[in-house]
Amino acid sequence: MIRDTSAQDRLVEVKPNRKRRLILLGAGVLVLALLAWLAPGIGRMFSASESVSSSRLAFATVERGPFVRDIAAEGKVVAAVSPTLYATSGGAVTLQVHAGDTVKIGQVLATIVSPELTNKLAQEQSNADAMEVEYRRAQIDARKQRSALQETYDNAVIDQTTAERNLDRYQKAYAKGAVSNMDVDKAKDALDKAKIATTHAKANLGLDNDSLNFDIQSKKLAHERQLLLVKDLQRQVDDLNVKSPVDGQVGQLFIAERATVAKDAQLLSVIDLSALQVEMQVPESFARDLGIGMSGEISGNGHTWKGLVSAISPEVVNGQVAARLRFEGETPKQLRQNQRLSVRVLLDKRDNVLTVQRGSFVDESGGSYAYLVRDGIAKKTPIRVGASSIDKVEILDGLKEGDRIVISGTDSFKGAATVAISN
């Protein structure tokens, strides 16, 4: 028989562990304190309808300070004046320059050979010379005819004077009985005929003189009309020498050398380097604040120049509006067309303005609310925004300096009133 070990067992008295009790008591107090500290946050956490990680959001703090509204973009140097030259007549073109050549105003850039136009000018010039001859011949004929009429009139006057003297002599002789009464009557008839001849000669002199003047005037007007036609043709012939309208540089050649072109065909373009401007693309949302005459800065090549907004395109292309700035003062000489420059246009500048960094929340809420972040909870808060710049937006109401709001990523909030922000 195997004996058990009950005879070896003995009761051991367990002494109370005071140290362990103190540790358990301290841990319990710590847990209670932690629960008391986390209770409000846990309560808010459970009160939120949504929970979003902070890594998906962007935050910004409301600040008070200077507010500058400006537009900064990259611009491109363009020519304000870049005329394109056309063929005024059809013909074979000989180019006198190459693309990129520097030209002066009035310099011949191309010549057009047009035999038709040249021959027409020669023909009309010949007609004008003939008309001039006709005009001068009419003047000579008029002087001759006027002289003949004057001679006729003078002879009639002499005949009338002679008839008057004969009548006087016959009347005196008749009074002394030397001649008969019939002789006196013949003398009276001769005087009457002389007077009639004088009257007609005088009338013819006046009428024919007017007729001659009209004929001369008619030939003179015809000659002058022909001269105008010749002058217009001469202008067209002169335009066969295509000249530069500005001092600048030859841009693009639209035809090949010795090409035959029709009237109004494009020949080449000339760039006026003394009237360069900078073209920039402005977002549509800022274009409404942009106005002609606004000041700006143009920088590049280590220099900064002052500029003025000179033109704004009336159309929107791909959400952008084209605007141009001209240099205030003399155009810099070292610039080239299509060169890239930095452009900044100042729209507004104010001090002591409540602002926050611009974000998508402005577009998503239409500027009517923002999510104000406090103790890990984003609360939907009504706000009112004012002007905006590239990087900031003005806060008019609903927020105060130091508030922290969500500026991007609120689309995941789904319009909830409160959202928990987790780390």
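Two strands pair if DSSP finds at least two bridges between them. The model used in these exercises is predicted.

**Exercise 1. A strand with two partners**

Find the strands that pair with E17, and name a bridge partner in each.

Solution.
- Step 1. Start with strand E17 (residues 369-374) and strand E18 (residues 377-382). They pair in the antiparallel sense over six bridges.
- Step 2. Pick a bridge. Ala-370 has Thr-381 as its bridge partner in E18.
- Step 3. Look at the link. E17 and E18 make a hairpin, with two residues between them. In the turn, Asp-375 has a positive phi of about 55°.
- Step 4. Turn to strand E21 (residues 404-408). E17 pairs with E21 too, in the antiparallel sense, over two bridges. Two bridges meet the cut-off of at least two.
- Step 5. Pick a bridge here. Tyr-371 has Val-406 as its bridge partner in E21.

**Exercise 2. An open sheet**

Work out the strand order of the open sheet of four strands, and explain why one side of E8 and of E10 lacks a neighbour.

Solution.
- Step 1. Read the order: E8-E7-E5-E10, with antiparallel pairing.
- Step 2. Find the edges. Strand E8 (241-243) and strand E10 (260-261) stand there. Each has a single partner strand, so one side of each has no neighbour in the sheet.
- Step 3. Check one pair. E5 and E10 run antiparallel and are joined by two bridges. Gly-91 has Val-261 as its bridge partner in E10.

**Exercise 3. The nonpolar cores**

Name the residues that touch the most other members of the largest nonpolar core, then trace the elements that supply it.

Solution.
- Step 1. The core has 24 residues. Val-93, Leu-109, Ile-112, Leu-267, Leu-268 and Val-270 touch the most other members.
- Step 2. List the elements giving two or more residues: strand E5 (91-95), strand E7 (108-113), helix H2 (115-175), helix H3 (181-238) and strand E11 (266-271).
- Step 3. Zoom in on Ile-112. Beyond its neighbours within four places in sequence, Ile-112 contacts residues including Val-93, Leu-240, Val-242 and Leu-267.
- Step 4. Look elsewhere. A second, separate core has 21 residues, among them Ile-271, Val-278, Trp-305 and Leu-325.

**Exercise 4. The largest pocket**

Describe the largest pocket by its volume and its lining.

Solution.
- Step 1. The volume is about 220 Å³.
- Step 2. The lining has 14 residues. Asp-247, Asp-272, Leu-273, Ser-274 and Lys-333 lie nearest the centre.
- Step 3. Sort the lining by class: five nonpolar, four polar and five charged residues.

Key: Residues are numbered from 1 along each chain as its sequence is written. This is a predicted model: local features need pLDDT of at least 70, side-chain atom pairs count only at pLDDT 80 or more; totals for chains, interfaces and linings use all residues. Side-chain values use heavy atoms; hydrogens and water are left out. A nonpolar core is a set of buried Ala, Val, Leu, Ile, Met, Phe, Trp, Tyr and Cys residues joined through side-chain atoms within 4.5 Å. Buried means under 20% relative accessible area, exposed over 50%, partly exposed in between (1.4 Å probe, protein chains only). Contact means heavy atoms within 4.5 Å. On a 1 Å grid over the protein atoms alone, a cavity is a set of points where a 1.4 Å probe fits but cannot get out, and a pocket is an open set with protein on both sides within 12 Å along at least five of seven lines; lining residues have an atom within 4 Å of a point. Grid points are joined across faces, edges and corners, and a volume is the space filled by probe spheres set on the points. Ala, Val, Leu, Ile, Met, Phe, Trp, Tyr, Cys and Pro count as nonpolar, Asp, Glu, Lys and Arg as charged, and the others, Gly among them, as polar.
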